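Colleague: Could you take a close look at one strand residue and its surroundings, and then connect it with other places in the chain? A first-year student will read the answer, so please explain each term as it arises.

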Amino acid sequence: MKLTRRQVLAGLVGLGVAGFGAGGVRYWLGRPENAASHDYELIAAPLDLELVPGHKTPAWAYGGQAPGLELRCRQGERLRVRFINKLEVSTTIHWHGIRLPLEMDGVPYVSQLPVLPGEYFDYDFITPDAGSYWYHPHTASSEQLGRGLVGPLIVEEREPSGFVHERTLCLKSWHVDEQGAFTDFSVPREAAREGTRGRLSSINGVSLPTLELPAGQVVRLRLINVDSTITYRLNLPGAESRIYALDGNPVAPRPLGKDYWLGPGMRLDLALRVPAAGTELSLRNGPLRLATLKSVASAQAAGDWPPALPANPVAEPDLSQAETLRFNFEWAALLASPNQAGPARYWQINGQAWDIDDKACADRPIATLKKDGHYIFVLRNMAQYQHPIHLHGMTFKVLDSDRRDIVPYFTDTYLLGKNETARIAFVADNPGVWMFHCHVIDHMETGLMAAIAVV
Ligand code: C2O
Ligand code: CU
Ligand code: CU
């Protein structure tokens, strides 16, 4: 395909007003008659954060905050973001989970050319599905996501959902030391295992925050795992809470249960009935506290559980006519030699390690699907580390697993456990070359990324 020409920033009218102070620049124009060219102007730029009290961390931020500015739009409408790169490195934005045209998918050399320092790129697409999504670069990912280039994208339901209160919680563990300095985003011996973990957990950029919630109300918590490595085992002891959506897609509401494993890239929309004023709940990762949820008095009448969210318009795969393809995810010990030239390759899909810097990647997809064909993918994890397997451009249905009971549901990322085999299915209704990868960034950058062509 022909890549969109890069747009150079210099000399453009109006950019003089663009600053990136607290809160960033937000243009939410509400679609006036004489609509300007974009709804948001989103700047990526360096920003010092105080993650560790009294110390500075040289982060990179979208819209003057890390995690980035929350972008919002409504289902079925256009989202137009003028993205301005004020970093010293080239980058792109990928819209995780959004079904959009390939030119807007943010994969360098496949979707678009990298946005060089000082350039801008206009992203413009329709958001067909409501739910909790997020955005991040798709280049030099361990450093760029590690430094804070991650942000929430909320697509509101067409009609009011019944939720009156909501909070977005972006979960990230920063790779910083006790003085707030960055530590290595990727360490080879970790990349060959579960991935390199950051040590400072945070929600919306704050370590161990206390979040105030209105007593008696039902609040929608949009939990987004923007971390590069960690699978959070989310639990809320003592709380009355129900799962309403997984990875943007509604499910029949059900209790949270003991814990929910939220892998990198995944989202959980959890409704919480906030207890009496003064009560404190602990949102935890396994036994570790991530945040305190504190109930404060509310003048409003007590809320009730909203009905299930309406399904997104995702095509239903027909299993009786589907073709089955198999994908084995394995650890590639033989390739782990430190002496070999080029990037480290610790992981393989069907015996191939993907080279993330290979600009010809789109020319050798791991599978070529027929447009509008129905497909079942058998995903087999041959390793003892889990892999959140993510597909761009299309939403798939999780059918079953040999390790757990699955109520079939639609998603863009499936957490494939140790030695698990799971089946997913979808209609290949979006033409293009789509990345198919593990969302543990270390794994993706050392082999676990392939391209799926739909022609
Ligand atoms: Cu969050 Cu290639 O994606
Ligand atoms: Cu994605
Ligand atoms: Cu992985």
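**A strand residue and its surroundings**

Modeller: Leu-281 lies in strand 19, which covers residues 280-285. The model is predicted, so local features need pLDDT of at least 70 and side-chain atom pairs count only at pLDDT 80 or more, while totals for chains, interfaces and linings use all residues; side-chain values use heavy atoms, with hydrogens and water left out. Residues are numbered from 1 along each chain as its sequence is written, chains are lettered from A, and ligands are numbered from 1 in the order in which they are written. Strands (E, at least two residues) and helices (H or I, at least four) are DSSP runs, numbered from the N terminus.

Leu-281 has a relative accessibility of 8% and therefore counts as buried. Buried means under 20% relative accessible area, exposed means over 50%, and partly exposed lies in between (1.4 Å probe, protein chains only). Leaving aside residues up to four places away in sequence, Leu-281 touches Leu-236, Pro-237, Gly-238, Ala-239, Leu-272, Pro-275, Ala-291, Thr-292 and Leu-293; a contact means heavy atoms within 4.5 Å. Of these partners, Ala-291 is ten residues from Leu-281 along the chain, and their C-alpha atoms are separated by 8.4 Å.

Buried residues also occur at the copper ion (ligand 3), where Cys-438 and His-443 are both buried. The protein donors of this ion are His-387 through ND1, Cys-438 through SG and His-443 through ND1, at 1.9 to 2.1 Å. Donors are N, O and S atoms within 2.8 Å of the metal (3.2 Å for Na, K and Ca), and sites may look incomplete because water is not among the atoms. Along the chain, the donors follow the spacing H-x50-C-x4-H.

Two other cysteines are buried: Cys-73 at 2% relative accessibility and Cys-170 at 1%. A disulfide is a covalent bond between the sulfur atoms of two cysteines. Here it is counted as a pair of cysteine sulfur atoms within 2.5 Å, and the count by this rule is zero.

The loops add some backbone details. Asn-204, between strand 11 (200-203) and strand 12 (210-214), has a positive phi near 50° although it is not glycine, and it is partly exposed at 36%. Asn-419, in the loop between strand 28 (413-416) and strand 29 (421-427), likewise has a positive phi of about 50° and counts as partly exposed at 37%. Finally, the loop between strand 3 (57-62) and strand 4 (71-74) holds Pro-67, and the peptide bond from Ala-66 to Pro-67 is cis, with omega near -10°.
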